[in-house]
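Me: I am a first-year student and should like to take a close look at a single part of a structure. Could you please guide me through the helix at the start of the chain and its partners?

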Amino acid sequence: MFKFLFIIYIAFLFMGLFRPILGIFSVLLFVLPIFILAPFSGRWWCAHLCPHGSFQDLFGLFIRHRRPLWLKSHWLRYGMFIIMFGFLGYIVFSKWGNWPSMGLALTKLLWSSTIMSIGLMTIAPARSWCNICPAGTVGKMLAPKKAKLMITTDCVYCRLCAKTCPMGLSPYKDRGKISGFTNPDCMRCGRCASFCFKHAIKIQ
Ligand code: SF4
Ligand code: SF4
């Protein structure tokens with residue numbers, strides 16, 4: 001059922017242009033939950049409930065690009081975080097009380113992140129936006145510092161998990177580690193575990 005959340009995303013993108021007030025709900029639906037859920041479950045939201053993530057997964061069926069190294073740049077990630085949340089804060093404070101105008105501005109912000117995510121998919125894998133998504137960065141910052149996965153010593157270092165991870169992470173590097181794989185960007189999507197032919201990855 002969750003894989004169809006992209007329908008909600010597309011509906012908000014277009015309906016927000018005609019019913020601007022919906023733009024306010026789009027922020028409440030797409031951004032607020034990560035603040036509430038991340039302290040307990042990290043970026044689990046990103047893989048399972050984020051409508052923008054579901055939207056990108058649609059394209060993932062057809063896209064096979066390699067991930068450019070610059071996508072993992074902290075400068076890009078935190079720059080995007082400051083710019084997008086800066087715009088969000090500016091819109092909320094400058095248009096407070098004028099709800100349709102605020103909604104339209106927020107819808108345009110949603111469109112800008114959508115266009116950026118589609119643009120990225122022309123040169124990088126689907127869900128590359130998740131590497132720099134400001135909401136995802138909130139999820140990373142608030143994520144509990146506990147194991148997301150355990151990599152057993154059955155791992156044979158084939159690196160298939162790293163090749164299939166939508167975030168470009170490398171769980172195999174923590175093979176046999178008692179503290180497990182703790183990378184806060186792990187969304188616990190389970191993709192690496194499903195591809196591991198040695199069944200060496202256990203989701204926590
Ligand atoms: S896919 Fe499994 S066996 Fe291969 S490197 Fe990853 S954890 Fe190890
Ligand atoms: S490490 Fe595995 S569970 Fe975590 S995001 Fe990557 S594929 Fe998903």
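Reply: What follows describes one helix and its contacts, and then turns to some other places in the chain. Please note that the model is predicted.

Helix α1 covers residues 6-18. Which residues does α1 use to meet α5, a helix of residues 51-60? On the side of α1, the contact is made by Phe6, Ile8, Tyr9 and Ile10. Their counterparts in α5 are Pro51, His52, Ser54, Phe55 and Leu58. The two axes come within 7 Å and cross at roughly 105 degrees. Angles of 65 to 115 degrees count as roughly perpendicular, and α1 is therefore roughly perpendicular to α5. By class, the contact of α1 with α5 has seven nonpolar and two polar residues, and no charged ones.

Another partner of α1 is α2, which comprises residues 22-30. The axes of α1 and α2 are 8 Å apart, and the helices pack at an angle of about 150 degrees. Angles over 145 degrees count as roughly antiparallel, so this description applies to α1 and α2. Here α1 contributes Phe12, Met15 and Gly16, while α2 contributes Leu22, Gly23 and Ser26. The contact of α1 with α2 divides into three nonpolar and three polar residues, with no charged residue.

Helix α7, residues 99-120, also packs against α1, at an angle of about 145 degrees and with the axes 9 Å apart. The crossing of α1 and α7 is left-handed. In α1, the residues that take part are Phe12, Leu13, Gly16 and Leu17. They meet Gly103, Thr107, Leu110, Trp111 and Thr114 in α7. Five nonpolar, four polar and no charged residues make up the contact of α1 with α7. Phe12 and Gly16 appear in the contact with α2 and also in the contact with α7.

A general point helps in reading such lists. An α-helix has 3.6 residues a turn, so residues three or four places apart point the same way.

The partner helices deserve a further look. In α2, the residues Leu22, Gly23, Ile24, Ser26, Val27 and Phe30 are buried. These buried residues pack against α1, α3 (32-41), α5 and α7. In α5, leucine 58 counts as partly exposed because it has 15 C-beta neighbours inside 10 Å. Leucine 58 lies 21 residues from leucine 37 in sequence, and their C-alpha atoms are 24 Å apart in space.

Further along the chain are the surroundings of two ligands. Of the 15 residues around ligand 1, the nearest are Cys155, Cys158, Cys161, Tyr172 and Cys196. The shell around ligand 1 divides into 13 nonpolar, no polar and two charged residues. Among the residues around ligand 2 are Cys165, Cys186, Arg188, Cys189 and Cys192. The shell around ligand 2 has eight nonpolar, one polar and two charged residues.

Arginine 188 is in the loop between α10 (160-164) and α11 (191-195). Although arginine 188 is not a glycine, its phi is positive, at about 55 degrees. Most residues other than glycine have a negative phi. Arginine 188 is partly exposed, because 18 other C-beta atoms lie within 10 Å. Histidine 199, in the loop between α11 and β2 (201-203), also has a positive phi, of about 50 degrees, without being a glycine. Histidine 199 counts as exposed, because it has 11 C-beta neighbours inside 10 Å.

Definitions and conventions
Residues numbered from 1 in each chain as written. Chains lettered and ligands numbered in written order. Predicted model: local features only at pLDDT ≥ 70, side-chain atom pairs only at ≥ 80, totals over all residues. Axes fitted to C-alpha atoms, helices over the stretch in contact; angles between N-to-C directions. Helix = DSSP H or I, 4+ residues; strand = E, 2+ residues; numbered from the N terminus. Left-handed = near helix turned anticlockwise from the far one by under 90°. Contact = placed C-beta atoms within 7 Å. Nonpolar A, V, L, I, M, F, W, Y, C, P; charged D, E, K, R; others polar. Parallel < 35°, antiparallel > 145°, perpendicular 65-115°, else oblique. Near = placed C-beta within 6 Å. Buried ≥ 20, exposed ≤ 12 C-beta atoms within 10 Å, placed from the backbone.
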